[in-house]
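Hi,

Here is the structure I promised to send over. Have a look at it first, and then read on for what turned up.

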Amino acid sequence: LLSMALFAPGRVFLNRGNHEFAYMSRNYGFEEEALQKYPRRIFDAFQTVFVSLPLASLVNNSVFVTHGGLFRSRAVRLSDVQQVDRFAPMLGDVAQDLLWSDPTNEDGRHLSQRGAGILFGPDVSEEFCQDNNLLCLIRSHEVKHRGYEWQRGGRCLTIFSAANYIGRMGNLGAVCHIKPHGERIDASDLSISTFAGAKEDVAFRDRQARIQVTFPSAPLRSRL
């Protein structure tokens, strides 16, 4: 991905996810793998790159793209997101919510079992889109069996591109294609393609016990 961004600047844009932190790299095996292959300065350079990545992107002033989701406070606007200091040693509530929050089918804002971010309902997604004149929010952060899932109300779309996650989940991967026909984006400009993943890689079996994946129990439906 970094090679693609360097090869095509202005065409490839990368957002930071909740795993792009030193402690997550350590807990989920990236540090171990990097140090097996390269000197520590390479791993440290990755951490510098991770800190530099933006926490969200805005596509044609219409679609908000981030890793996790929305905020514990309704007062947060796009302008507040733009003012977040992503280089700060400790990230505040807005940044944590962008990286760790998840949608739920229940209206309102709720505590998250992840211990960071919140669970936000369809009403929260609707409010945020109306307040900021957006079509929808696109995020990832959760395995979905079909590779994608619309939250009830059609304002929040989860896209998960890691097919057959950790070599054993059996989920499809998905990609959302956005092809604007004007300055702004409408629902007809969005399409989704899915794909199957490779079978389990035996070399990574010993790390699977470290990874927890939670599937939402309530079926979600879309108006789009």
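Which residues line the second largest pocket? Before you go hunting, keep in mind that this is a predicted model. The lining is made up of P54, L55, A56, S57 and L58, then F64, and after that L78, V81, Q82, V84 and R86. Two elements give two or more residues each to that lining, namely β1 (56-59) and α5 (78-82). Sorted by class, the pocket wall has 8 nonpolar residues, 2 polar ones and 1 charged one. The space inside comes to about 270 Å³.

There is an enclosed space to look at too. The structure has 1 cavity of 30 Å³ or more, and the largest cavity holds about 50 Å³. Around the largest cavity you'll find L70, F71, S73, R74 and V76, along with R109, V124, E127, F128 and D131. What gives the most to this lining? That is helix α7 (residues 122-131), with 4 residues. By class, the cavity lining splits into 5 nonpolar, 1 polar and 4 charged residues. If you wonder how such spaces are found at all, rolling a probe the size of a water molecule over the atoms shows where empty space is left.

Now for one of the sheets. Three strands make an open sheet in the order β3-β5-β4, with mixed pairing. β3 (102-103) and β4 (109-111) are at the edges with a single partner strand each, so one side of each has no neighbour in the sheet. As a reminder, strands of a sheet pair through backbone hydrogen bonds, either parallel or antiparallel. Between β4 and β5 (residues 118-120) the pairing is antiparallel, over 3 bridges. If you want a spot to zoom in on, try H110, whose bridge partner in β5 is L119.

Finally, the chain as a whole. It has 7 helices and 10 strands. Of its 224 residues, 38% count as buried. The chain exposes about 12,800 Å², and carbon and sulfur atoms supply 53% of that area. How much of the contact network joins residues far along the sequence? Taking contacts between residues at least 6 apart in sequence, 58% join residues at least 24 apart.

If you open the model, I'd begin with the pocket lining, from P54 to R86, and then go on to the cavity beside α7.

Cheers

Notes
Residues are numbered from 1 along each chain as its sequence is written. This is a predicted model: local features need pLDDT of at least 70, side-chain atom pairs count only at pLDDT 80 or more; totals for chains, interfaces and linings use all residues. Side-chain values use heavy atoms; hydrogens and water are left out. Buried means under 20% relative accessible area, exposed over 50%, partly exposed in between (1.4 Å probe, protein chains only). Contact means heavy atoms within 4.5 Å. Accessible areas come from the Shrake-Rupley method with a 1.4 Å probe; for residues, only the protein chains shown count as cover. On a 1 Å grid over the protein atoms alone, a cavity is a set of points where a 1.4 Å probe fits but cannot get out, and a pocket is an open set with protein on both sides within 12 Å along at least five of seven lines; lining residues have an atom within 4 Å of a point. Grid points are joined across faces, edges and corners, and a volume is the space filled by probe spheres set on the points. Ala, Val, Leu, Ile, Met, Phe, Trp, Tyr, Cys and Pro count as nonpolar, Asp, Glu, Lys and Arg as charged, and the others, Gly among them, as polar. Two strands pair if DSSP finds at least two bridges between them.
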